[in-house]
Every structure is written in C-alpha cells, then in structure tokens.
Amino acid sequence: MSYTLPEYYALKAAIASGTQSVTYGDKSVTYRPLDEMIQVLNLMETELFPDGATSVKEGRTISYTVAGTAINKGDIRMIGDVTGVAMADGAVGETIKMSVTGVYELPKGSEALAQGTAAYVNITNGVTTIVGAATGNKLCGHVWEDAPAGADSVLIKLN
C-alpha cells in the first residue's frame with residue numbers, strides 16, 4: 001500500500017488525541033483499538049521513512065515572533081538564512097506562521113530577472129525587494145518566471 005505524509009500526520013494526531021477516526025482530504029478511516037492504529041502507523045513509517053529517520057514536521061511553515069516592525073500578510077522576512085512569507089498580519093511581539101515553501105509573487109527591484117536564476121532579498125531604507133545581486137543580500141530562492149526590468153513583482157520559488 002502507498003501512504004502519504006498527510007495520512008501519516010493525521011494518524012499521529014489521532015493517536016495523540018485519543019481519537020479513533022481520521023480524516024485526511026476526502027478520505028475517512030475509523031480504527032478499532034489503539035493497537036491497530038499503532039500497527040498502521042508503524043507500517044506507514046516503514047514505507048515513508050525506509051532509512052529509519054522519521055520526520056517530525058512537514059516543514060511548510062515556521063513560527064516567527066515579529067520583530068522590528070509589524071508585518072502584513074504576504075510580506076517576506078528572513079529568519080536567519082530561511083526565507084518566510086507571512087501567512088497573516090502580525091504586530092511586533094506577536095507570533096505568526098510564515099510559509100517557507102512554495103512560489104510567491106514578491107516585490108522586485110528595478111532589474112530584469114531571468115527564470116531559474118538565484119534571487120536575493122535586498123532591504124534598502126526599510127523597503128524589501130527581490131534582486132539578482134548576491135553582494136550584501138541573502139538568498140531567498142529562485143526566479144520562477146522571467147520578470148522584465150519594468151515589472152513591479154516577480155514569482156519566486158522559496159529556498
């Protein structure tokens with residue numbers, strides 16, 4: 001049988017909460033005893049993590065405590081060397097979720113950016129833009145589609 005990570009995480013959550021019914025996507029499963037749930041979880045781990053390493057999170061988001069200035073949904077922030085896009089507005093000191101995967105439309109600097117090239121976050125006078133120059137900037141991902149010099153934004157696949 002072929003298992004998916006969403007199925008695995010749904011079952012883990014059900015076991016942790018004591019629930020015997022699991023819903024993921026458009027599917028629903030009701031297990032009998034807890035032993036059966038653990039047996040299926042072990043089968044999933046064997047298939048999904050053949051090297052024995054089990055993932056603890058899917059890694060699509062990161063919790064971020066807003067620092068410096070407030071953040072708006074869709075804003076980009078660097079969390080160390082990790083690029084995050086805000087999933088909600090947040091005030092300074094508030095903890096919000098930041099997406100760290102996917103393709104996002106982000107504000108672009110003045111130069112043209114070619115598909116597949118490295119993209120960097122530049123912050124000048126409090127304004128964050130995506131540029132093609134590495135010097136003094138942090139890698140945030142790669143250009144998803146060509147963006148001409150006159151464009152205000154660019155599609156970026158996050159790192």
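In what order do the four strands of the open sheet lie, and is their pairing parallel or antiparallel? The model to be examined here is predicted, and the tour begins with that sheet.

**First stop: the open sheet**

Select β3, β6, β5 and β4. These strands form an open sheet in the order β3-β6-β5-β4, and their pairing is antiparallel. The edges are held by β3, residues 61-65, and by β4, each of which pairs on one side only. On average, neighbouring strands of this sheet are turned by 45 degrees against each other, direction ignored. As general background, the strands of a sheet pair through backbone hydrogen bonds, either parallel or antiparallel.

Next, restrict the selection to β3 and to β6, which covers residues 95-99. Five bridges join β3 and β6 in the antiparallel sense. To follow one of these contacts, display Tyr 64, whose bridge partner in β6 is Ile 96.

**Second stop: the largest pocket**

Keep β4 (76-79) in view and add β8 (118-124); these are the elements that give two or more residues to the lining of the largest pocket. The contribution of β4 is the greatest, at three residues. The volume of this pocket is about 270 Å³.

To display the whole lining, select Thr 69, Ala 70, Asp 75, Ile 76, Arg 77, Met 78, Pro 107, Val 121, Ile 123, Gly 126 and Thr 128. Colouring the selection by class shows six nonpolar, three polar and two charged residues.

**Third stop: the loop after β8**

Move to Asn 125, in the loop between β8 and β9 (127-131). Is this residue buried or exposed? Asn 125 has a relative accessibility of 79%, and therefore counts as exposed. The backbone here also merits inspection: Asn 125 has a positive phi of about 50 degrees, although it is not a glycine.

**Fourth stop: the aromatic pair**

How many aromatic pairs does the structure hold? There is one, and it can be displayed by selecting Tyr 8 and Tyr 9. A pair of aromatic rings is described by the distance of the centres and the angle of the planes. For Tyr 8 and Tyr 9 the ring centres are 5.3 Å apart and the planes stand at 70 degrees, so the pair is edge-to-face. Tyr 8 counts as buried because its relative accessibility is 0%. Tyr 9 is buried as well, with a relative accessible area of 16%, since the limit for a buried residue is under 20%.

**Fifth stop: from α1 to the hairpin**

Select Gly 18, which is placed in the loop between α1 (5-17) and β1 (21-24). With a relative accessibility of 59%, Gly 18 counts as exposed. Drawing a distance from its C-alpha atom to that of Thr 101 gives 31 Å, for two residues that are 83 apart along the chain.

Continue into β1 and show its side chains, which alternate along the strand. Val 22 and Tyr 24 point to one face and are buried, whereas Ser 21 and Thr 23 point to the other and are not.

Finally, add β2, residues 27-30. Four bridges pair β1 with β2 in the antiparallel sense; in one of the contacts, Val 22 has Val 29 of β2 as its bridge partner. The two strands, β1 and β2, form a hairpin with two residues between them. In the turn, select Gly 25, where phi is positive at about 65 degrees.

How values were computed. Residues are numbered from 1 along each chain as its sequence is written. This is a predicted model: local features need pLDDT of at least 70, side-chain atom pairs count only at pLDDT 80 or more; totals for chains, interfaces and linings use all residues. Side-chain values use heavy atoms; hydrogens and water are left out. On a 1 Å grid over the protein atoms alone, a cavity is a set of points where a 1.4 Å probe fits but cannot get out, and a pocket is an open set with protein on both sides within 12 Å along at least five of seven lines; lining residues have an atom within 4 Å of a point. Grid points are joined across faces, edges and corners, and a volume is the space filled by probe spheres set on the points. Ala, Val, Leu, Ile, Met, Phe, Trp, Tyr, Cys and Pro count as nonpolar, Asp, Glu, Lys and Arg as charged, and the others, Gly among them, as polar. Rings of Phe, Tyr and Trp (its six-membered ring) pair if their centres lie within 6.5 Å; planes under 30 degrees apart count as stacked, over 60 as edge-to-face and the rest as tilted. Buried means under 20% relative accessible area, exposed over 50%, partly exposed in between (1.4 Å probe, protein chains only). Two strands pair if DSSP finds at least two bridges between them. Axes are lines fitted to C-alpha atoms, for helices over the stretch in contact, and angles run from 0 to 180 degrees between N-to-C directions.
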